[in-house]
Amino acid sequence: MHSPQSTSELSSNGMVERDFTAGDVPGLRSPTSGTDRAPLMFDVIIAGCGPTGAMLAAELRLHDVRVLVLEKETEPVSFVRIVSLHIRSIELMAMRGLLDRILEHGRRRPVTGFFAAITKPAPEGLDSAHAYLLGIPQPVIVHLLEEHAIELGVQVRRGCPVADFEQDDEGVTVELADGEQLRSRYLVGCDGGRSTVRKLLGVGFPGEPSRTETLMGEMEVGMPQEEIAAKVSEIQETSKQFSLRPSGEGVYRVVVPVAGVSDHAEPLTLEDFKQQLRATAGTDFGVHSPRWLSRFGDATRLAKRYRVGRVLLAGDAAHIHPPTGGQGLNLGVQDAFNLGWKLAAQIRGWAPETLLDSYQAERHPVAEDVLDNTRAQMELLSAEPGPQAVRRLLTELMDFDEVNRHLIEKITAIGIRYNFGEGPDLLGRRLRDIEVKQGHLYDLLHRGRGLLLDRTERLTVGGWSDRVDYLADPTAVLDVPCVLLRPDGHVAWIGDDQQGLDDHLSRWFGKPAN
Ligand SMILES: Cc1cc2nc3c(=O)[nH]c(=O)nc-3n(C[C@H](O)[C@H](O)[C@H](O)COP(=O)(O)OP(=O)(O)OC[C@H]3O[C@@H](n4cnc5c(N)ncnc54)[C@H](O)[C@@H]3O)c2cc1C
């Protein structure tokens, strides 16, 4: 169905990579009458029901977009890794009314200790009403997001891997592994780091391959607690990533870094695990009865493009990096939040011409920054004397409030400022969950629409009222007269004049309705 093009070349990661130029859309068939094509059954097909795919599906449904999610696995994943939801992702959950549900299943922790595991007290007065970190098992957050998407009307089909696709001038024909064909107007690859969609698209994925691996699992341990504690602190003097600690009910969570990379085709066994423990610690701690075992590498790669024609990439399909700092899931969910309303606008027919491409323009630099801070953190975790000296220096520097705050705002993603052009510092940033006369600002954003917060009580959203809500509130805790918020909560305009507002409503929300 999908054939590589003559301009293809092999990229550094051994994949077929294409050199795109304007108008060169892989798999785009020359326009035909369309009579031989299946009907467009869906507006968007999403490959992959991980956190990114589930979040994107829900965001699209807020705008009545017909969404199908195709998930390769028949059952949700069994390994229970605890992930950190950072401030910005927690804010997104609040903005869609999901936070209470999620808080029930997570553990709040202070915002500290996640930049290369350097522990410093959280800076005072972080600019958020949700200034904490939430530890939550990844399968639980995925389940909650999927449940939310289904409640909104998303169809999820499990055991249906996307095997191929072809795009044309009207849509995308998606082929499943069993040969079934489905058609939609857009396809989004949220299918993880080994993304089939990205590979079929031929988008380059440059970066560094894995140099080391980490084994991780939960199992029982046959050594007395005091002996374990002594051994673990001895190993951590030279290997900061090693850990072995109770995770409840007599089970231990074990993390063992390994030099070199193994054959991922071979499933990880308890014997592999024991061997690595003996090599690292001189003992296998008598581990037995594993609940689950997994391994991950430290490859760092970023897709060259996030969109080719009617096919887009989000989450790990677009970027991978080691889990240091716990940012990957957060980054993917935030990609989905950025893309959802824009793709919906494109489908509903009101998107200004450049809106969909602003997804890549805004999110690619954010991923670049996350990859860079992860590279830096990996260096700081090295046991070599040079990186250790830099680590000691940074540890000292983090005593300066501004340094500590800068790093925390970076990792928690509340420091992001999209480039919307010249303007006050707030322009392009997200607005925190301020108090307004109805209660909390984020409670007014559940429907995924724009919002004008008008302290002058003079302006109007006029012909955009089908896409943008209006709140006159002279009491709002802001030091600017009016702000226009996009559906993702970023500040699109600040001012007090109707003409300026109308220009920016057009820029972000298209033409007014008649
Ligand atoms: C040990 C570890 C700890 C981590 N801790 C954190 C943390 O604390 N915080 C954090 O933010 N991130 C963390 N991460 C990273 C995080 O797990 C990933 O970034 C996140 O899962 C990416 O989500 P995703 O939806 O983009 O991709 P995935 O979670 O990989 O989901 C992709 C989905 O697509 C499906 N799929 C694959 N191929 C196809 C196909 N052809 N057709 C249909 N479906 C397909 C897969 O089955 C899967 O369900 C950690 C990662 C590791 C390894």
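**Two antiparallel sheets and their helices**

In this predicted model, four strands form an open sheet in the order S14-S15-S13-S16, with antiparallel pairing. Its edges are strand S14, residues 243-248, and strand S16, residues 288-297. Each of these edge strands pairs on one side only. From one strand to the next, the twist averages 20 degrees.

Strand S13 covers residues 212-220. S13 and S16 are joined by seven bridges and pair in the antiparallel sense. Within S16, Gly 297 is the residue that stands opposite Glu 213. A helix accompanies this sheet. Helix H7, residues 270-281, lies across S13, S16 and strand S15, the last of which spans 251-259. H7 runs at about 70 degrees to S15.

A further sheet was examined in the same way. This open sheet has three strands, in the order S12-S17-S20, and the pairing is antiparallel. Strand S12 (207-208) and strand S20 (319-320) are the edge strands, and each pairs on one side only. Helix H9, built from residues 358-380, packs on the sheet and touches S12, S17 and S20. The direction of H9 makes about 170 degrees with that of S17.

Strand S17 comprises residues 300-302. Two bridges link S17 to S12, again in the antiparallel sense. Thr 300 in S17 is the bridge partner of Glu 208. In general, strands of a sheet pair through backbone hydrogen bonds, in either a parallel or an antiparallel manner.

Note on methods:
Residues numbered from 1 in each chain as written. Predicted model: local features only at pLDDT ≥ 70, side-chain atom pairs only at ≥ 80, totals over all residues. Heavy atoms only, no water. Pairing = 2+ DSSP bridges. Contact = heavy atoms within 4.5 Å. Axes fitted to C-alpha atoms, helices over the stretch in contact; angles between N-to-C directions.
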